[in-house]
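Q: Could you walk me through how to read a protein model, one feature at a time?
A: Yes. Have the chain open in a viewer, and we will begin with how helices pack.

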Amino acid sequence: MLNLSRASHQGSYGQVQTIYCAYFENCTKMAPNVADANGVLFESDAATPDLALATTPVQKADNNPKQLVWRNIILFAYLHLAALYGGYLFLFSAKWQTDIFAYILYVMSGLGITAGAHRLWAHKSYKAKWPLRLILIIFNTMAFQDSAIDWARDHRMHHKYSETDADPHNATRGFFFSHIGWLLVRKHPELKKKGKGLDLSDLYADPILRFQKKYYLLLMPIACFILPTVIPVYCWSESWINAFFVAALFRYTFILNVTWLVNSAAHKWGDKPYDKNIKPSQNISVSVFALGEGFHNYHHTFPWDYKTAELGNNRLNFTTNFINFFAKLGWAYDMKTVSDEIVKNRVERTGDGSHHLWGWGDKDHSKEEVDAAIRINPKDD
Ligand SMILES: [Zn+2]
Ligand SMILES: [Zn+2]
């Protein structure tokens, strides 16, 4: 694959565009529906040297037809009531071992979504050897957000047709719809229609992913509900009630809502330093809970970057540190990222002006600003 980041270092702007255009023509032949996309999904979709589409993204929503799915409404209502009870037990009744166990399960199932379904399978932003893919598919099954193949399919639609009716959780339809409402109504016809053109061959080529999808209804209850309930009871004599409501239902509902906040809150509140034409925003609070997934303006601008953020954000980016750890073992490799130069060009062209410094003396900190700052007891050493 053509590496635009590297190409941009080697040649002038014009050269990059020429290389890219030749490649893009090829791409449009391979993927005819790229023309109606409303966001880049893979690097190959980009049509400008700073990796954007040729057209400015639009936002559109058709609130009808809206057919309610009562089975899901009842299940989610029960789940949230049970999770509230679980939250109460977490604070006032469960043993400390159960609380720590629930926290560990939260991190593990969270990574199954962030490092697994999201960065590895939906975006192909890095590659993983089979032992890491096996760990991630176990974590992913614990999270019960559908099989990784189905999750990645929905997520590719979310980026490619972002904020239109073919986006499963189109944030243009409001906070509630993008948070949980999209799971309580039938899919929009536009999503079903355009979804057929999506290429998922890379996902179906992985036997680990095929196995999870095939046996999902057997594996998911064991990983998400049964083992999290049985382990506390047999290992540290927790009560069945505490184990089930805290380690299974409260933990599961908590991570669900954290994931949904990326679709709702991070599509609504925060700065847009990379692209002001889209709703996704930099939301630090979401990032803290979602293990580094709240730097959402960056992520929708450069979705194939395995960090989902600029380097400076790593301390809040647990998922990036997790991938980097496995890269040291050699189990994660071929991590894609975007050069500083391209990021800078994009910030200048489409950012909202909020791209900020990471701290005093940052390389972008202008001399005028340094000179103008008031310093108390200054000492340069
Ligand atoms: Zn998004
Ligand atoms: Zn994404």
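**Reading the fold**

A: Start with handedness: helices H4 and H12 cross in a right-handed sense. Keep in mind that this is a predicted model.

Q: At what angle do the axes of H4 and H12 cross, and how close do they come?
A: For a helix pair, read distance and angle together. The axes of H4 (residues 96-122) and H12 (residues 240-263) approach within 9 Å, and the crossing angle is roughly 35°.

Q: Which residues make the contact?
A: List each side separately. H4 contributes Thr98, Phe101, Ala102, Leu105, Tyr106, Ser109, Gly110 and Ile113. From H12 come Asn242, Ala243, Val246, Ala247, Phe250, Arg251, Phe254, Ile255 and Thr259. By character, the contact residues of H4 and H12 are 11 nonpolar, five polar and one charged.

Q: Which spans does UniProt list as "transmembrane region"?
A: Set the record beside the geometry. The unreviewed UniProt entry lists residues 73-94, 100-121, 215-234 and 240-262 under that name. In the model, residues 100-121 are 100% helix and 0% strand, with end C-alpha atoms 29 Å apart. Residues 240-262 are also 100% helix and 0% strand. The end C-alpha atoms of residues 240-262 are 32 Å apart.

Q: How many helices and strands does the protein chain have?
A: Count elements, then look at burial and contact range. The chain has 17 helices and two strands. Of its 381 residues, 44% are buried. Among contacts with a separation of 6 or more, 69% join residues 24 or more positions apart.

Q: Which residues touch the most other members of the largest nonpolar core?
A: Look for the hubs. This core has 56 residues, and Ala102, Trp121, Val246 and Phe250 touch the most other members. Helices supplying at least two residues each include H3 (70-92), H5 (130-143) and H11 (216-236). H12 gives the most, with 15 residues.

Q: What does Phe250 touch, apart from residues up to four places away in sequence?
A: Trace one hub outward. Phe250 touches Ala83, Gly86, Gly87, Phe90, Ala102 and Phe245. There is also a second, separate core of 16 residues, which includes Ala46, Leu51, Val338 and Val343.

Q: Which phi sign does Leu291 have, positive or negative?
A: Check the backbone of residues other than glycine. Leu291 is not a glycine, yet its phi is positive, about 55°. Leu291 sits in the loop between H13 (284-289) and H14 (296-301). Burial is a neighbour count, with 20 or more as the cut-off. Leu291 has 23 other C-beta atoms within 10 Å, so it is buried.

Q: Where is Thr308 found?
A: Repeat the check. Thr308 lies in the loop between H14 and H15 (318-329). Thr308 is not a glycine either, and its phi is positive at about 50°. Thr308 counts as buried because it has 27 C-beta neighbours inside 10 Å.

Q: Is Tyr204 buried or exposed?
A: Apply the count from the other end, where 12 or fewer means exposed. Tyr204 has 11 other C-beta atoms within 10 Å, so it is exposed. Tyr204 belongs to H9 (residues 201-204).

Q: Which residues is Tyr204 in contact with, leaving aside neighbours within four places in sequence?
A: Exposure does not settle that, so read the contact list. Tyr204 is in contact with Ile149 and Arg210. Tyr204 and Ile149 are 55 residues apart along the chain, with their C-alpha atoms separated by 7.6 Å.

Technical notes
Residues numbered from 1 in each chain as written. Chains lettered and ligands numbered in written order. Predicted model: local features only at pLDDT ≥ 70, side-chain atom pairs only at ≥ 80, totals over all residues. UniProt positions renumbered as here; feature names shortened; annotations may be inferred. Helix = DSSP H or I, 4+ residues; strand = E, 2+ residues; numbered from the N terminus. Axes fitted to C-alpha atoms, helices over the stretch in contact; angles between N-to-C directions. Left-handed = near helix turned anticlockwise from the far one by under 90°. Contact = placed C-beta atoms within 7 Å. Nonpolar A, V, L, I, M, F, W, Y, C, P; charged D, E, K, R; others polar. Core = buried A, V, L, I, M, F, W, Y, C linked by C-beta atoms within 7 Å.
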